[in-house]
Amino acid sequence: GACAWQIKPREQYIGWDDKQRQRGLHLIVNQARFLILPWVRSSGLASRILAGQTQGRGKLEKQHQQACSIKQIWLYPIHPHFRKILCA
């Protein structure tokens with residue numbers, strides 16, 4: 001699905017400034033849910049992803065207050081040179 005306009009931990013992980021984010025946001029994919037099946041084994045799975053938390057604000061919330069539930073952020077780059085591509 002479409003990704004959130006701004007998520008500070010995501011931007012920090014990628015290394016984006018505001019202009020880079022605006023240019024590269026269309027390259028980001030959002031998955032609201034995912035399933036890790038019980039038989040999937042991946043050593044170091046936690047070190048392969050970044051986890052952080054949203055601030056619980058909806059994308060149209062203008063008062064900078066928590067309006068939604070706080071959610072976890074999990075990032076998984078699908079290209080080995082994702083920073084070079086996204087920050088160009």
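The secondary structure of the protein chain, taken from a predicted model, consists of four helices and two strands. Along the sequence these elements are arranged in the pattern α-α-α-β-β-α. The protein chain has 88 residues, of which 20% are buried. Its exposed area is about 7,400 Å², and carbon and sulfur atoms account for 56% of that area. Of the contacts between residues at least 6 apart in sequence, 43% link residues at least 24 apart.

The largest nonpolar core of the protein chain contains seven residues: C3, I14, W16, L25, I28, F82 and L86. In soluble globular proteins, nonpolar side chains tend to be buried together. For L86, a member of this core, the contacts beyond four places in sequence are with I14, W16, Q20, G24, L27 and I28. Among these partners, I14, W16 and I28 also belong to the core.

E11 is located in helix α1, which spans residues 8–14. The relative accessible area of E11 is 10%, so this residue is classed as buried, the cut-off being under 20%. A polar contact is formed by the side chain of E11, which reaches the backbone nitrogen of I7 at 2.8 Å. When residues up to four places away in sequence are not counted, E11 touches W5, Q6, W16 and R21. W16 thus appears in the surroundings of E11, in the contact list of L86 and in the largest nonpolar core.

Conventions: Residues numbered from 1 in each chain as written. Predicted model: local features only at pLDDT ≥ 70, side-chain atom pairs only at ≥ 80, totals over all residues. Heavy atoms only, no water. Buried < 20%, exposed > 50% of the residue type's maximum accessible area, 1.4 Å probe, protein only. Contact = heavy atoms within 4.5 Å. Areas by Shrake-Rupley, 256 points an atom, 1.4 Å probe, with all protein chains shown as cover. Polar contact = N/O pair within 3.5 Å; in protein donor to acceptor, adjacent residues only side chain to side chain. Core = buried A, V, L, I, M, F, W, Y, C linked by side-chain atoms within 4.5 Å.
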